[in-house]
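Subject: Structure handover

Hello,

Here is the structure for you to look over. My notes follow below it.

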Amino acid sequence: EYKNIDESVVVIKTYNVPNNYVDFDVSYPQFKNASAAFNKKIEDLIVTSAIDHQKNAEENWKARIETATSDSPVSKFPDEKMSFYTTWEPVQVNQNIISILIRYGGFSGGAHGYENLVSFNYNTVTNKEIPLSSLFTNNTKYLASVSEYTRADLKKQFIKQAEINTLDGTMTSMLEEGTKPILSNFSTFAFTPDEIIFYFAQYQVAPYVFGEPQVVMPRS
């Protein structure tokens, strides 16, 4: 199904607690060649997010019941349940390196649904997570390099996608803010031997209509 993956090291777990408010479509990876602490970090993220989502969905529905009028009453439970899902993408999974992206989100009764992105990068030989800085061993000013590269790449993407000649002031300021050379702007990344993929959340570098952009940067 996936390239760049040694499936012998992966175990897929699922989460589902039957309830009246949310349908769960949740599966997530655990790795035989990683530490218990690393696997727990992935599991805790998913399970905690699912529990929080269910709690929010329940509270939102009960608030609807409380504010309903006799003209338009609300049933005790939703006819169609709200949703929570996870998906994951192995960018590189082998005997030495785990580099994956996890998406999770859904709808809990707000204005619209949401999706969050998080990446995990791990060295199974040292049993340590891999920080972005370690992919730029010969470049102490790596954040400036990443900022410059991703900003230029995203600008080209947006101009092409929106079929415009130049970005307006709002988009320029969003792009500049979201690609400032600070670590938090580039915390969601994955990598292969040849490239680093940076993922940007909704609204981080552009308005909602541009979704979740990503930039592939060659590893020098």
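Contact here means heavy atoms within 4.5 Å. With that cut-off, P78 touches N20, Y21 and W61, leaving out residues up to four places away in sequence. Please keep in mind that this is a predicted model.

More on P78. This proline lies in the loop between α1 and β3. P78 is buried, with a relative accessible area of 9%. P78 and N20 are 58 residues apart along the chain, yet their C-alpha atoms are separated by 7.5 Å.

The sheet

Six strands form an open sheet with mixed pairing. Their order is β1-β2-β3-β4-β5-β6. Which strands stand at the edges? They are β1 (10-15) and β6 (128-129). Each has a single partner strand, so one side of each is left without a neighbour in the sheet.

Inside that order, β3 (residues 82-93) and β4 (residues 97-107) run antiparallel. They are joined by 10 bridges. One pair to look up: F84 stands opposite G106 in β4.

Helix α1 (residues 36-67) lies across β1, β2, β3, β4, β5 and β6. Its angle to β2 (22-31) is about 170°.

The cores

The largest nonpolar core has 27 residues. Which of them touch the most other members? F31, F38, I42, I100 and I102 do. At least two residues of this core come from each of β1, β2, α1, β3, β4 and β5. The largest share, 6 residues, is supplied by α1.

I102 shows the surroundings in detail. Setting aside neighbours within four places in sequence, I102 is in contact with P29, I42, I46, T87, W88, N116, L117, V118 and F120.

Another core lies apart from this one. That second core has 24 residues, including L132, F136, V146 and F210.

Helices α2 and α3

Two packed helices are described by the angle between their axes and the distance between the axes. For α2 and α3 (residues 169-178), the axes come within 10 Å. They cross at roughly 150°, and the crossing is right-handed.

From α2, the residues R151, L154, K155 and F158 take part in the contact. They meet M171, L175 and E176 in α3. By class, this contact has 4 nonpolar, no polar and 3 charged residues.

T150 is also worth a look. This threonine is found in α2 (residues 142-162). Is T150 buried or exposed? T150 is buried, with a relative accessible area of 0%. Not counting residues up to four places away in sequence, T150 touches T179, F186, F198, F200 and V215.

Strands β8 and β9

V215 brings us to β9 (residues 214-218). In a regular strand the side chains alternate between the two faces of the sheet. What is on each face of β9? V215 and M217 make up the covered face. Q214, V216 and P218 make up the uncovered one.

The partner here is β8 (residues 195-199), which runs antiparallel to β9. The two strands are joined by 5 bridges. Among the paired residues, Y199 has Q214 in β9 as its bridge partner.

Places to open in your viewer: the loop with P78, the surroundings of I102, and T150 in α2.

Best wishes

Key:
Residues are numbered from 1 along each chain as its sequence is written. This is a predicted model: local features need pLDDT of at least 70, side-chain atom pairs count only at pLDDT 80 or more; totals for chains, interfaces and linings use all residues. Side-chain values use heavy atoms; hydrogens and water are left out. Two strands pair if DSSP finds at least two bridges between them. Helices (H or I, at least four residues) and strands (E, at least two) are DSSP runs, numbered from the N terminus. Axes are lines fitted to C-alpha atoms, for helices over the stretch in contact, and angles run from 0 to 180 degrees between N-to-C directions. Buried means under 20% relative accessible area, exposed over 50%, partly exposed in between (1.4 Å probe, protein chains only). A crossing is left-handed if the near helix is turned anticlockwise from the far one by less than a right angle, and right-handed if clockwise. Ala, Val, Leu, Ile, Met, Phe, Trp, Tyr, Cys and Pro count as nonpolar, Asp, Glu, Lys and Arg as charged, and the others, Gly among them, as polar. A nonpolar core is a set of buried Ala, Val, Leu, Ile, Met, Phe, Trp, Tyr and Cys residues joined through side-chain atoms within 4.5 Å.
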